[in-house]
Structures are given as structure tokens and as C-alpha cells.
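Please open the model in your viewer and keep the selection panel at hand, since each stop on this tour begins with something to select.

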Amino acid sequence: MSKIMTVDILSSIKGAQPSEAVNKLFDVIKNAHTNNNSLNNVNYNCVSVNDLREDLVVESSAIEKELIIENFPNKKNGYLVVAKIIED
Amino acid sequence: MESQIKALHQQLVTKQITCTALVKEKLELLKKNTHNTVNSLLDTLALDLAAKVDAKITKGEEIGLLEGIPFGIKDVYMLQGTFATASSNLLKNYKSAYTATAIQKLLDAGAIPLVKENCDSFGHGSSSENTIFGAVKNAVNTDLVAGGSSGGSAVNVALDYTVFSIGGDTGGSIRQPAGYNNIYGLKPTYGRISRYGLMAYASSTDCVGPLAKSIEDIRIVLNVMSGKDAKDQTSITSSEITEDAILKNTVKTVGYFKNFIENDAIAPKVKADFLQSIEKVKLKGIKVKELDFFPSDILVSTYYTLAMAETASNLSRLDGTNYGNRIEDKNLKETYAVTRSENFSEETKRRIVGGNQVLSQGFSDEIYLKGLAIRDQIAANFTKDFEEVDIILSPVTPMSPPKIGDSLKDPLAMYLSDAYTVGFSLGQLPTLTVPQGTQTGLQITAAKNNEELILKFANFLKDTI
């Protein structure tokens with residue numbers, strides 16, 4: 001069953017509404033003429049399979065781990081606390 | 001202006017100044033400044049590094065060209081252990097866990113970071129007013145905006161608070177503030193400098209680049225930061241540009257976009273000054289060609305459609321779970337929503353919502369995918385142009401800098417003011433702003449990975465206009 005999701009839900013921003021200024025930009029695109037042969041996607045930033053980096057696990061440094069923990073928003077009794085998760 | 005890096009290097013090695021005195025002087029200027037360019041000062045780190053440089057000089061050891069040279073960093077880059085706020089409420093207490101590749105290369109060369117610089121939040125803006133640290137004031141006239149989003153970086157360079165600064169350019173964010181503050185600013189070819197450790201705005205056009213007061217300093221810093229990086233798979237290999245290679249002009253044909261100049265949106269003075277610059281170039285025996293290009297409104301709309309889509313995706317990670325200013329609510333979804341609603345600025349929310357609109361079912365075909373198709377046409381147009389001309393010359397902006405407060409009232413006008421910069425971003429082309437030719441400078445663009453030709457032509461323009 002399809003469920004219509006409004007932009008406030010999609011954006012996780014309460015009360016978000018499409019902006020008039022931004023809609024004006026989108027109207028220009030909607031009305032623009034495009035050449036039918038233009039879907040060549042020359043801008044693909046493909047990475048050759050021969051050029052992929054090594055699939056290595058790199059251990060974070062001690063200071064990096066410390067900073068990640070320091071940045072965590074909520075801690076209690078030595079645990080990192082996340083928001084209550086519900087299913088709906 | 002000659003290279004400040006070389007002049008300071010000479011003063012350091014001949015012991016006319018100490019590195020500590022140099023760093024202290026710049027820190028003092030930054031501390032006292034009333035242009036709102038500073039998000040955080042890196043004084044302890046900078047003074048420690050300066051003491052090490054002084055110790056080397058005292059021992060008679062050789063130092064590198066960038067060793068001891070103070071620089072600034074737009075506050076969207078990671079530098080381990082320092083704040084990286086993106087000028088946002090959400091990340092106002094966030095500390096970088098690691099260091100960006102481009103910044104690490106400068107540190108390895110011995111340059112000294114002084115300051116994390118004010119900018120539009122997450123790069124979302126063209127005026128450096130969309131920030132929790134106060135609007136950045138223009139270096140020339142404090143009633144006017146500094147430009148953006150790398151406004152703090154441009155003003156710091158213009159006022160000599162930093163010798164050079166590292167900005168980020170997605171749709172003009174280095175070139176436009178460079179133009180507004182009369183300095184040089186380079187957006188390199190997409191991928192020439194690794195984006196690893198730069199907070200992502202629109203990943204397909206985000207570029208790392210230098211702002212400085214001389215062409216030579218741009219060259220020096222560009223060389224140090226360039227190169228392929230395994231941590232950014234879109235990065236590319238490039239060759240070092242030597243000082244000698246950019247001294248003699250080899251450009252024979254210059255093009256400019258007729259429709260940029262022949263329209264009602266350009267200020268008469270900008271138009272007259274640009275055409276006068278073209279005449280001066282012609283007088284030097286260089287052939288000038290008028291080129292056809294896409295209308296400005298199509299360029300701006302294509303850029304913003306794609307940039308908003310990409311930023312909606314990139315910023316979806318900012319939900320206060322692992323980092324950021326989390327605001328707790330009754331459950332996970334509400335916590336996400338409240339955290340994002342309360343912590344993102346109006347402009348950032350506008351762009352995220354716009355991005356999600358164009359990515360939604362029913363809209364993606366007629367807006368997002370069409371935007372991608374137009375981008376392909378723009379890129380094809382550039383390929384054709386560079387078969388006919390060596391360089392494309394254009395104004396940086398159609399108008400002079402607006403007054404502080406005006407851009408916030410009229411976002412559409414702000415988007416349209418990016419008309420001359422966004423096309424080159426979509427084409428992923430290298431473009432340099434030079435502080436000449438019009439009140440907000442000129443842009444020099446070349447084919448991909450041809451920064452050498454741009455710097456060569458910039459040297460030629462310096463003596464021509």
C-alpha cells in the first residue's frame with residue numbers, strides 16, 4: 001500500500017513547507033527545453049574497477065575514538081544514550 | 001602583489017622575524033577584528049607549531065617554503081581536535097575526529113592553521129549571513145556583505161589576517177567572495193584536490209580551493225593540496241605547476257558568453273568594465289570570440305535543483321544521534337524532527353525541503369532528472385567551446401555586493417546572483433577569480449585540469465588590464 005509522505009516527513013523538519021522562491025527555480029526547469037539525445041550522462045564520476053582502493057579495515061586512532069565519544073550527545077553511567085526507538 | 005609566502009619565508013630564514021612573532025601578530029589581528037570572520041581561534045596549536053619552526057631556524061636547519069606560514073580554514077573542514085561547526089547551531093560544539101586530506105597536506109608542508117573561519121552554514125548562501133556567528137562584513141565596505149559562502153576566508157585574506165585561506169566552492173563560494181573582497185580565489189577542476197574531510201554540501205560540485213593575494217601564492221598552495229587520494233574516489237591525478245610554466249602567456253583565443261553581457265540583469269557599469277577589459281585583451285593581439293551559452297535562469301535553476309537534491313541527501317545524516325546538538329523528544333522520529341527543526345537555519349531548511357521535493361516520486365522525472373539532462377548539455381557545450389577557444393572570460397557577478405540584510409529578505413535574488421559562477425561548477429571546470437576588470441573581478445576558466453593555462457593567463461591579465 002502506498003503512503004504519501006509530505007516534505008516535512010521526508011525532511012524530518014517539523015512544519016516544513018515548499019518555498020515559493022525555490023518553486024520558481026523548479027518552474028524554470030519544468031519549462032526548459034531539453035534535447036532528447038542529452039541523456040548521455042557525461043558527468044558520471046565513475047571509478048574504474050581497476051582503480052578501487054584496497055578493501056582494508058583501518059583501526060581508528062585512540063584520539064579519534066576519544067573525540068567520537070566526546071561528540072556523542074548524551075551519556076549516562078558510562079553508556080552512550082540514544083533516543084527511545086518505537087515501531088509504527 | 002608579489003608572493004607573500006615567499007616574502008615571509010625570506011624574512012623567517014634571514015631571522016628578520018620569528019615565526020612566533022608572526023603568528024602572535026596575526027592572532028591578535030583576528031582576535032580584535034570586527035568583521036565577524038572568526039568562528040574559533042587555534043591559538044594554542046598555532047603557537048606550539050610556531051615554536052617548533054623557530055627552534056628549527058635557530059638550529060640552522062632548512063625550512064620548507066610553507067613552513068611557518070599562517071593560514072585560515074573555512075569552518076567546514078576537519079582538523080582533528082578542533083571545532084568544526086559549519087557555522088551551524090547543530091554542530092556548534094562538534095569537534096573534528098580526524099583531519100581533512102587537503103589540510104593535512106598543508107600541515108605536512110609546515111603551514112600553521114590560525115583560525116576556523118565564518119561562512120554560510122553548511123555552505124548554504126552567497127553572502128555569509130546565514131551563520132550563527134554574525135554576518136561577515138565586506139573588507140572594503142563594512143555595510144556590504146562579504147560574499148559567500150567562504151566570506152570569512154576572503155575577508156581574512158583581504159585584510160592580511162591570514163596569508164592565505166582554504167575555502168570551499170560548490171557553486172561559486174570561493175570565486176564570488178574573492179571578487180567581492182578584491183583578492184584571488186581558485187575553484188580547481190573537480191577532484192584535483194581531495195574532498196575527504198570537507199563537510200559535503202553537493203558532492204558532485206564540491207571543490208576545495210585557495211584564496212590569496214597573489215597568483216604565485218595560489219600556485220604554491222594548489223600544488224601542495226593537489227593529488228589523488230584513496231579516501232576520495234573522485235579525486236584525480238594532476239601535475240605540479242612550475243613557476244616558470246606560468247610566466248609566458250600562450251593563450252591565443254579568448255571566448256566570452258554573449259548572453260551573460262547582453263541582458264537586463266547585469267549592472268551597466270559591470271557590463272561596460274567587462275567589455276573594456278575585452279578590448280584591452282584584443283589590443284594585445286589575442287583573438288576574442290563571442291560564444292553562445294544557456295540562459296542564466298536555466299543555469300541557476302539547474303544548479304540549485306541538483307545542489308538541493310544532493311544536500312538533502314548529505315545532510316540527512318545530521319539527526320543528533322551520534323553527534324550534534326540533540327534535542328530529546330518522546331521517541332526517535334520526534335527527536336530527529338525536533339533536533340533538525342530547531343538547529344537548522346531557515347536557508348538550510350529551505351534547501352533540504354527543496355531537495356526532497358525534487359527527489360520525490362512524481363517530481364523527480366520532470367525536475368531532477370531533467371536537471372541532470374541539462375547538466376549534460378551544459379558540459380557538452382563546454383567541450384565544444386574549448387575546441388574553439390583556450391580560455392573563457394566572464395564577470396564574477398552581475399552586480400556589486402548587496403547591503404547586509406538584503407539577501408536574507410530575498411532568497412530568489414540571492415540565487416540569481418550566482419548566475420555567472422554556477423555554470424562552471426556544473427561543468428566541473430577550473431575557474432579563477434582575479435581582482436581586476438570589473439568591481440567584483442573577472443573569472444578565467446579553462447578546460448578540465450588546465451589550471452596551468454589559467455594561472456598563465458592571470459599573469460598576462462595582471463600586466464594587461
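The tour goes from one whole chain to a single helix and ends at the contact between two chains.

Bear in mind throughout that this is a predicted model. Begin by selecting the whole of chain B, in which there are 17 helices and 11 strands. Its radius of gyration is 21 Å, close to the 23 Å that the globule rule gives for 465 residues, so chain B is as compact as a globular protein of that length. Turned along its principal axes, chain B has C-alpha atoms that fill a box of roughly 70 × 65 × 45 Å. Of its 465 residues, 62% count as buried, and among the contacts in chain B with a separation of 6 or more, 74% come from residues 24 or more positions apart.

Next, select helix H4 of chain B, residues 101-108, where B:Thr101, B:Ala102, B:Ile103, B:Lys105 and B:Leu106 are buried. Add strands E2 (70-74), E4 (164-169) and E6 (207-212) together with helix H7 (215-225), all of chain B, to see what the buried residues of H4(B) pack against. Just after H4(B), stop at B:Gly110, which takes a positive phi of about 95°.

Finally, show chain A beside chain B and select their contact, which takes 43 residues from chain A and 57 residues from chain B. On the chain A side, helix H1 (7-11), helix H2 (20-31) and helix H3 (62-71) each supply at least two residues, and H2(A) gives the most, with 8 residues. Coloured by residue class, this side of chain A divides into 24 nonpolar, 12 polar and 7 charged residues.

How values were computed. Residues numbered from 1 in each chain as written. Chains lettered and ligands numbered in written order. Predicted model: local features only at pLDDT ≥ 70, side-chain atom pairs only at ≥ 80, totals over all residues. Contact = placed C-beta atoms within 7 Å. Helix = DSSP H or I, 4+ residues; strand = E, 2+ residues; numbered from the N terminus. Nonpolar A, V, L, I, M, F, W, Y, C, P; charged D, E, K, R; others polar. Rg over C-alpha atoms; globule rule 2.2 N^0.38 Å. Buried ≥ 20, exposed ≤ 12 C-beta atoms within 10 Å, placed from the backbone.
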